[in-house]
Amino acid sequence: MEEIFCQGCGAKIQTTDPEEAGYTPASSLEREEVLCKRCFRLKHYNEIQDVSITDDDFLKMVSSIRETEGLVVHLIDIFDVEGSLLKSLPRLVGNNPIILVGNKVDLLPKSANKRRLSQWLRRQAKEAGLRVKDVYLISSTKGHGLDSLAEGLEHYRGGEDIYIVGATNVGKSTFINRLIRQTSGLDDVITTSYFPGTTLGFIEIPLDDESALIDTPGIVNKQQMAHYVSAGDLKLITPNKEVKPRVYQLNEQQTLFFGGLARLDFIKGERESFVCYFSNRLPIHRTKLENADELYANHLGELLAPPDEETMERLPALKQHTFRITEEKMDIVFPGLGWVSITGKDLSVAAYIPEGSAVSIRKSWV
Ligand code: GDP
């Protein structure tokens with residue numbers, strides 16, 4: 001195929017993968033003005049759509065921010081911080097100021113301490129080498145926190161462009177669409193002032209005569225559960241409303257299964273409470289540790305579901321990670337699924353997750 005470039009964003013046009021940058025259906029190659037699907041939707045439906053790109057392309061594209069001046073808004077999913085915080089960001093954006101925005105706060109239980117979450121996010125960012133000017137918590141679907149974020153953006157950008165950067169699935173499109181509507185009050189602002197982006201694959205939405213809001217493509221996090229599970233299972237494991245903490249008082253030698261996608265063994269310690277923060281629709285099953293292997297071998301996909309049949313075909317085997325809990329209140333985090341807060345100290349647990357994902361432990365902020 002002769003190389004064609006999208007007249008909107010400049011991405012190389014391809015007709016094979018609808019999820020990747022530059023996709024357009026073969027039928028629209030006949031048109032005079034060839035646009036990728038993302039630009040087509042933006043132009044005709046005023047709608048931002050996320051496209052994902054590979055790590056290398058992402059690095060190339062986003063590192064072009066280093067050569068410009070602007071405010072970088074890093075959007076993350078507070079339900080999957082470990083999976084959505086981009087540790088490579090400082091290298092990519094140079095000296096430009098960064099604002100960290102935790103999206104999906106509507107999923108947190110009412111009891112969760114948002115101030116501690118903000119502090120914890122700031123610390124996480126710092127540990128990852130990200131010096132952030134400020135941290136905001138928002139819900140793009142419900143609109144929480146958007147007014148104060150919009151004010152913050154005006155303040156910190158000092159008349160410069162705003163770059164929105166984030167992994168796929170953090171809610172970047174939902175956020176931008178909402179922000180545009182909220183700040184402009186005009187639904188057709190994107191179409192009327194739409195002009196070809198100057199940087200490959202970036203979409204620019206003018207904020208005023210001199211500056212723009214720039215949407216960068218989302219980077220795919222290969223560790224995300226979303227890569228192993230079927231669309232049906234993804235729906236089940238992704239929280240869609242306020243998460244209700246489920247509390248288990250466990251003795252040592254007891255096991256919790258989270259569907260059949262993850263498992264936590266309480267190996268040794270005094271009786272403690274294990275508080276589970278997962279999608280309300282993900283069943284949790286308690287059993288004795290001595291029966292756990294057999295239960296998993298015989299009832300995966302039935303009693304222990306999800307996985308459904310489609311997921312079972314590609315689900316990697318569970319891999320064990322052991323942890324010692326030495327401080328009061330730690331969380332064992334299953335990326336893309338949720339976490340378990342453990343109150344006591346001096347106990348040992350084993351956490352299992354499909355191979356390729358990494359379980360982590362953190363000081364609890366809940
Ligand atoms: P993108 O890939 O980063 O552009 O993410 P999308 O905007 O497509 O959102 C990914 C998923 O997260 C969708 O199912 C959204 O409905 C959902 N989502 C986005 N923002 C929020 C939010 O603030 N709260 C909740 N609960 N879900 C959200």
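Helices (H or I, at least four residues) and strands (E, at least two) are DSSP runs, numbered from the N terminus. Residues are numbered from 1 along each chain as its sequence is written. The model is predicted: local features need pLDDT of at least 70, side-chain atom pairs count only at pLDDT 80 or more, and totals for chains, interfaces and linings use all residues.

**Exercise 1. Irregular backbone geometry**

Locate the cis peptide bonds of Pro306 and Pro307, and characterise the positive phi values of Gln253 and Lys329.

Solution.

Step 1. The reference case is that most residues other than glycine have a negative phi, and most peptide bonds are trans.

Step 2. Ala305 and Pro306 are joined by a cis peptide bond with omega of about -5 degrees. Another cis bond, with omega of about 25 degrees, joins Pro306 and Pro307. Pro306 belongs to the loop between α10 (289-299) and α11 (309-314), and Pro307 is likewise found in the loop between α10 and α11.

Step 3. Gln253, although not a glycine, has a positive phi of about 70 degrees; its place is the loop between β9 (246-250) and β10 (254-258). Lys329, also not a glycine, has a positive phi of about 65 degrees and lies in the loop between β14 (318-325) and β15 (330-334).

Step 4. Burial is assigned by counting: a residue is buried if 20 or more other C-beta atoms lie within 10 Å of its own, exposed if 12 or fewer, and partly exposed in between, with C-beta atoms placed from the backbone. Gln253 has 13 other C-beta atoms within 10 Å and is therefore partly exposed. Lys329 counts as partly exposed because it has 15 C-beta neighbours inside 10 Å.

**Exercise 2. The six-stranded sheet**

Derive the strand order of the open sheet of six strands and identify the strands at its edges.

Solution.

Step 1. Two strands pair if DSSP finds at least two bridges between them.

Step 2. β3 (residues 98-103) and β4 run parallel and are joined by five bridges; within β4, Leu137 stands opposite Gly102. β2 and β5 also pair in the parallel sense, over five bridges, with Ile162 of β5 as the bridge partner of Leu71. Three bridges link β5 to β7 (residues 212-215), again in the parallel sense, and Leu213 in β7 is the bridge partner of Ile162.

Step 3. The complete order is β4-β3-β2-β5-β7-β6, and the pairing is mixed. β4 (132-137) and β6 (203-206) stand at the edges; each has a single partner strand, so one side of each is left without a neighbour in the sheet. From one strand to the next, the twist averages 20 degrees.

Step 4. For helix directions, axes are lines fitted to C-alpha atoms, for helices over the stretch in contact, and angles run from 0 to 180 degrees between N-to-C directions. Helix α5 (residues 114-127) lies across β3 and β4, at about 145 degrees to β4. Helix α6 (residues 146-157) packs on the sheet and touches β2, β3, β4 and β5, its direction making about 165 degrees with that of β4.

**Exercise 3. Ile164 and the nonpolar core**

Establish the surroundings of Ile164 and its role as a member of the largest nonpolar core.

Solution.

Step 1. Ile164 lies in strand β5 (residues 161-165). It counts as buried because it has 24 C-beta neighbours inside 10 Å.

Step 2. In a regular strand the side chains alternate between the two faces of the sheet. Asp161, Tyr163 and Val165 on one side of β5, and Ile162 and Ile164 on the other, are all buried.

Step 3. Two residues are in contact if their C-beta atoms, placed from the backbone, lie within 7 Å. Beyond its neighbours within four places in sequence, Ile164 is in contact with Val73, Leu75, Lys172, Ile176, Leu213, Ile214, Asp215 and Thr216. With the same exclusion, the contacts of Val73 include Ile99, Val101, Leu153 and Ile164.

Step 4. A nonpolar core is a set of buried Ala, Val, Leu, Ile, Met, Phe, Trp, Tyr and Cys residues joined through C-beta atoms within 7 Å. The largest one has 63 residues, of which Val73 and Ile164 touch the most other members. Strand β2 (residues 70-77) gives the most to this core, namely five residues. Apart from this core lies another, of 36 residues, among them Ile342, Val349, Ala351 and Tyr352.
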